[in-house]
Amino acid sequence: MASKQKITLDQPQAIPLDRLRLSDANVRRVRPGESVAELADSIARRGLLHNLNVRPILDGEGKGTGDYEIPAGGRRYRALQLLVKQKRLAKDALIPCRVRAANDDILAEEDSLAENADRVNLHPLDQFRGMQALAEKGKGIEDIAAHFFVTAAVVRQRLKLASVSPKLLDIYGDDGMSLELLMAFTVSDDAERQIQVWDMIAGASHPSPTWVRQKLTENSVRVSDKRVRFIGLDAYVEAGGSVVRDLFESDHGGWLTDVGLLDRLVAEKLEADALRIGSEGWKWIDAALEHVFNPGRGLRALAGDEVAMTAEEEKRAAELEAEGEALSDEWSDADDVPDEVHARLEEIDAEIGRINDRPIVYDPAEIAIAGAFVSIDVDGRLRVERGYVKPEDEPDAEPAEDDGDANGGDAGAGGTDGSEGTVGSGSAAASASVAGAAAAEADEPEDALKPLSDRLVSDLTAWRTLALQEAFALSPATAYVAVLHAFVLSCFFGYSRESCLQTSINSVHFSNAPAGLRDCAPGQAIAARIDEWRGRLPKTDREVWDWLLDLSDEDRANLFAHCASLGVNAQAEIVRGYDGRVSAHGIARRIAHSDVLARAVDLDVVAAGWRPTADGYLSAVPKPRILADVAEARGENFAGMIDHLKKGDMAREAERLLEDAGWLPEPMRTPGLEGPPTSEAEAAVPANDDTDGELPAFLAGEGGDGLPDPDAVAAE
């Protein structure tokens, strides 16, 4: 039996480079572009790894000319020519070539097509492992990047992929997962945890890389967290903490894995800052990671003096503003503004903000009876709220000064029909008779006129009170300012007694306040408005009345609305029975009226910034409720996509599905604005029989705008 003929492979021959020519038979027509230069550098470093495929060029008589054409290997030939041009290679350098006969049965075009079509690109996994092998043998990242003509960041990505659990790499190599999914596993260096997460999604038809990242970092803290910003990432790393990064997605700096260490460092720094603030002389310091909304509620706020800018600070602020304006003008019409320009503008804004944020100087005597709240702001900066006096720390009240002109002036501003003289003298007489009765009786001669008895003074001032109420009722403008005066005193001066009007704003105190309430968008806006008005108010409560009279109409209206808003309470507090303060029925009536106000101001909770988050609302409700909410907002098909997940994973996916849906849970909806409530919701909040959903006439503006003429206040 005849044996099959063995295949004989051609041996390469060395041919001078200047005897080689490109062939028209090469099927690759598209010019390779920049890759030629990279290949030239590769040849210079490693030599020619693949021989050229050539055929002899014949003359008209069929004889060899000594030149050769290249049907396969045109890019290599161009790279060699580039090396000659760069004077890195001799023009007649010997090049290893595989020579096929000019009249070979296999056409030159076939050779060219086969060489380009039969090759298989390197699998990404092999590339990852190849770079890892180089790194393990001492090659630096920058060297590897330079040798393979990629950036150092690309090499780090490849090495990070190669460090994933070998089991997962094998699954990827067998096309068991996508490259995008493999990238997601790199956020954790815990190979065992990687495998656990893979086992959770191995049977899914379309496993989510986002879900994998969330699962692998669920017990970590983002670098963008305000606690990390507060202590600084470097401090955490120096203390032995580790950080994991996502090299393939924007990770905002990565995640901190040692949460216990982070909390310890935060507590230590916050305690040190509290001691530093306390060394200023404050009687007490209340330090916490986060305080409840409006921590100074019910306390008197000190009015300090703002430190004026120095000449150097004013000059620096002007220079920064000029630089910022110049940069803005230069790049205002540019489609792509460099990152360094954005960074510089942010630096300018931050420095101007620091200059404009003037320190406040307080009276040392008041510092000794007041305290400060210390916490961490939403951006990680230390938040210090100085100058709050508790009622028990107030000094004994000083006796009222016997200043007839001042009393008369105050009363004159608010009285009518010349009654201010009576009010002023009556008030002084009452104070004198009550406060100095005993002293006068002891000092005066026996035949002197004795003060009126306390009982008689009480009877007379009761009659006078009714007369004042009647005159007050006939002066709406005065009543408006008097109510505003009482509101301002209660909102900004704690427990001031500088008003005879028995009305005030009972600022809302949230029971069981949720975490982060103070840092939500409405909370920050309210806090900024409080600071703005506090900066404009006079230092003492005795000056408030005259200050109010000098305000413009618009400012008085805005201040009235602000003070009134602090008393709006739409919280459904947890009540079991009647606690002497509020009942379940009272809360139901409160919620019903809050709907009236919400419709009047066209409340939009979504536009105000609320979203259903996995850490907030969605973590507090059971799985059936999450599915029902997603179904209501997006449809049953979306709810079906997550119904197989565990609670934590379901909450995170639901957050993503509900993010832009404009959906609200029933307690946050306003009937008539966010759609009709469900029947269960209607049953939960009893209807208010006295409210038909329309504003009363005095609020709707019927018969006038309902606001007094501020000019009439001073005239009356």
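1. Helices and strands first. The protein chain carries 31 helices alongside 14 strands. Keep in mind that this is a predicted model.

2. On the whole-chain numbers: the protein chain runs to 716 residues, of which 32% count as buried. Its exposed surface comes to about 43100 Å², and 51% of that is supplied by carbon and sulfur atoms. As for contacts with a separation of 6 or more, 70% of them join residues 24 or more positions apart.

3. Next, a helix pair to pull up in your viewer: α21 (residues 476–492) and α24 (residues 553–565). Their axes come within 10 Å and cross at roughly 50°. An angle that is neither under 35 nor over 145 degrees, nor within 65 to 115, goes down as oblique, so α21 is oblique to α24. The handedness of this crossing is left-handed.

4. Who makes that contact? From α21 it is Tyr480, Val481, Val483, Leu484, Phe487, Val488, Cys491 and Phe492. The α24 side brings Arg556, Ala557, Leu559, Phe560, His562 and Cys563. Sorted by class, the contact of α21 with α24 has 12 nonpolar residues, plus 1 polar and 1 charged.

5. Another pair is α4 (residues 124–136) with α7 (residues 166–173). Here the axes come within 9 Å, and the crossing is at roughly 145°. On the α4 side, Pro124, Leu125, Phe128 and Arg129 take part, meeting Leu169, Asp170, Tyr172 and Gly173 in α7. The class tally for α4 with α7 is 5 nonpolar, 1 polar and 2 charged residues.

6. Now some backbone angles. Most residues other than glycine have a negative phi, so positive values are worth a glance. Lys87 has a phi near 60°, which is positive, and it is not a glycine. Lys87 sits in the loop between α2 (74–85) and β5 (94–99). Is Lys87 buried or exposed? With 77% relative accessibility, Lys87 counts as exposed, the cut-off being over 50%.

7. Asp602 is also on the list: its phi is positive, about 55°, although Asp602 is not a glycine. Where is Asp602 placed? You'll find Asp602 in the loop between α25 (584–600) and α26 (623–634). Its relative accessible area is 53%, so Asp602 is exposed.

8. If you only have a minute, I'd look at two spots: the left-handed crossing of α21 and α24, and the loop residue Lys87 with its positive phi.

Terms used:
Residues numbered from 1 in each chain as written. Predicted model: local features only at pLDDT ≥ 70, side-chain atom pairs only at ≥ 80, totals over all residues. Heavy atoms only, no water. Axes fitted to C-alpha atoms, helices over the stretch in contact; angles between N-to-C directions. Helix = DSSP H or I, 4+ residues; strand = E, 2+ residues; numbered from the N terminus. Left-handed = near helix turned anticlockwise from the far one by under 90°. Contact = heavy atoms within 4.5 Å. Nonpolar A, V, L, I, M, F, W, Y, C, P; charged D, E, K, R; others polar. Buried < 20%, exposed > 50% of the residue type's maximum accessible area, 1.4 Å probe, protein only. Areas by Shrake-Rupley, 256 points an atom, 1.4 Å probe, with all protein chains shown as cover.
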